[in-house]
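Good morning, and thank you for coming. Please look at the sequence and the structure on the screen while I guide you through them.

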Amino acid sequence: YIAHREREMVGPTRPQFVLFGSSIVQLSFSNGGWGSILSDIYARKADILLRGYFGWNSRRALQVLDKVFPKDAPVQPSLVIVYFGGNDSMGPHTSGLGPHVPLPEYVENMRKIALHLKVPFLYLKGASFMREIVSQNMPVILGSWSSLKDPYCSVGSRGFIKRLFENQSLSDTIRIIFLSCPPVDEDKIRQTTSKVFSELVRTNELCKRYSEACKDLCQELGVKVVDLYTSIQERDDWKNACFTDGIHLSSEGSEIVVAEILKVLKEAEWEPSLHWKSMPTEFSEDSPYDLVAYDGKTTLNPSEWTYHRQIQWD
């Protein structure tokens, strides 16, 4: 009972957006980072939860996946934004130590993360799933979890699909966005890297390979993806403007990340929509306790005011 009450200590419950990844996630609340910008945009609409781990690769992410996203949690997130790849893409160290993860393993690790969170519809239509359906003689019209309510979906089929969803994913309602590996400023890395480190092999060619692999995986699984490798380089002065040390994002780099995430959220045909303009604002009703208007007779409701923002986000 006490543990249950602790979960509800701060209310009312809002949708949760979880940022899960390595240092670009952990540092996203520092120096005008993209996490802090999202927290401002979604104030009174959603709680932005930070699960960032400096220096981590996709191997370490898998080691804690069940702890960060337990399947028995009373509340599951509405959105998970995942970023791993920058550390995976580093060249291998001669000692065998370090964060490097070979590209094929990186792809499979990211696949496991996606499938732990949610079994995508496109993946369910794969050959292995269809063979299982055929072997059990189950006529099914597949679409999503709502397909279980389809009159053409038999009781046996419903039970089978329901068990599959429950065994493999957190929730059918979770939405996922992957961030691909961004570029790096190789010259700045060489200039700023501390001598406490052994050689760090970070190149744009490696970043591009891992970014492309992430995008291909997302296309296969039907997962939304932000192509950071391309979007950051669309700015002419990206090397000088978008990084603090050649690797981690400056405020200008974070603004690009936010713009791309909001674009995905606006264009996604998700129900309900998770775009900030479509989400309700908590306790937004008019009140006689609001500031009094110029006429001296009415009040002004500030719930939706955004004038304080230097950037008026779409």
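A nonpolar patch of about 480 Å² lies on the surface, and it is made by Leu 291, Leu 300, Trp 305 and Tyr 307. Please keep in mind that this is a predicted model. One member of the patch, Leu 291, belongs to strand E6, which covers residues 291–292. Is Leu 291 buried or exposed? Its relative accessible area is 61%, and because the cut-off for exposed is over 50%, Leu 291 counts as exposed.

Let me place that patch within the whole chain. The protein chain contains 13 helices and seven strands. It has 314 residues, and buried residues make up 44% of them. Its accessible surface comes to about 17,300 Å², with 52% belonging to carbon and sulfur atoms. Consider next the contacts with a separation of 6 or more: 72% of them are between residues 24 or more positions apart.

I turn now to the interior. The largest nonpolar core has 73 residues. Which of them touch the most other members? They are Trp 34, Tyr 42, Ile 177, Leu 179 and Ile 261. Let us take Ile 261 as an example. Leaving aside residues up to four places away in sequence, Ile 261 touches Trp 34, Leu 38, Ile 81, Ile 177, Leu 179 and Val 226.

A second residue to inspect is Val 82, in strand E3, residues 79–83. Its relative accessible area is 0%, so Val 82 is buried. With residues up to four places away again left out, Val 82 touches Phe 20, Met 110, Ile 113, Leu 117, Ile 177, Phe 178 and Leu 179. Please note the pair Val 82 and Met 110: these residues are 28 residues apart along the chain, and their C-alpha atoms are separated by 9.1 Å.

Met 110 brings us to helix H5, where it is one of the buried residues. How many of the 15 residues of H5 are buried? Eleven are, and the helix is mostly covered. Among them are Ile 113 and Leu 117, which are also among the residues that Val 82 touches. We can also check the length of H5. At 1.5 Å a residue, its 15 residues should span 21 Å, and the end C-alpha atoms are 22 Å apart, which agrees.

H5 also holds a salt bridge, in which the side chains of Arg 111 and Glu 108 meet at 3.2 Å, N to O. Why are these two residues separated by about one helical turn? The reason is that Arg 111 and Glu 108 are three residues apart in H5, which covers residues 103–117. An α-helix has 3.6 residues a turn, so residues three or four places apart point the same way. The two partners differ in their cover: Arg 111 is buried at 13% relative accessible area, whereas Glu 108 is partly exposed at 36%. Elsewhere, Arg 14, Asp 47 and Glu 282 are joined into one network by salt bridges that share partners.

The whole structure has 13 salt bridges. Two of these deserve our attention for the parts of the chain that they link. In the first, Arg 309 pairs with Asp 40, and the closest N and O atoms are 3.0 Å apart. Arg 309 lies in the segment after strand E7, while Asp 40 is in helix H3, and the two are 269 residues apart. Arg 309 is buried, with a relative accessible area of 12%, and Asp 40 is partly exposed at 29%.

In the second, the side chains of Glu 304 and Lys 45 meet at 3.9 Å, N to O. Because Glu 304 lies in the segment after E7 and Lys 45 in the loop between H3 and strand E2, this pair ties together parts that are 259 residues apart in sequence. Lys 45 is buried at 7% relative accessibility, whereas Glu 304 is partly exposed at 48%.

I close with helix H10, residues 204–221. At 1.5 Å a residue, its 18 residues should span 26 Å, and its end C-alpha atoms are indeed 26 Å apart. The buried residues of H10 include Leu 206, Cys 207, Tyr 210, Cys 214, Leu 217 and Leu 221. What follows H10? Gly 222 does, and its phi is positive, near 75°.

How values were computed. Residues numbered from 1 in each chain as written. Predicted model: local features only at pLDDT ≥ 70, side-chain atom pairs only at ≥ 80, totals over all residues. Heavy atoms only, no water. Helix = DSSP H or I, 4+ residues; strand = E, 2+ residues; numbered from the N terminus. Expected span 1.5 Å × (residues − 1). Buried < 20%, exposed > 50% of the residue type's maximum accessible area, 1.4 Å probe, protein only. Core = buried A, V, L, I, M, F, W, Y, C linked by side-chain atoms within 4.5 Å. Contact = heavy atoms within 4.5 Å. Patch = residues over 30% accessible without salt bridge, like charges linked within 9 Å, V, L, I, M, F, W, Y side chains within 5 Å. Areas by Shrake-Rupley, 256 points an atom, 1.4 Å probe, with all protein chains shown as cover. Salt bridge = Lys/Arg side-chain N within 4 Å of Asp/Glu carboxyl O.
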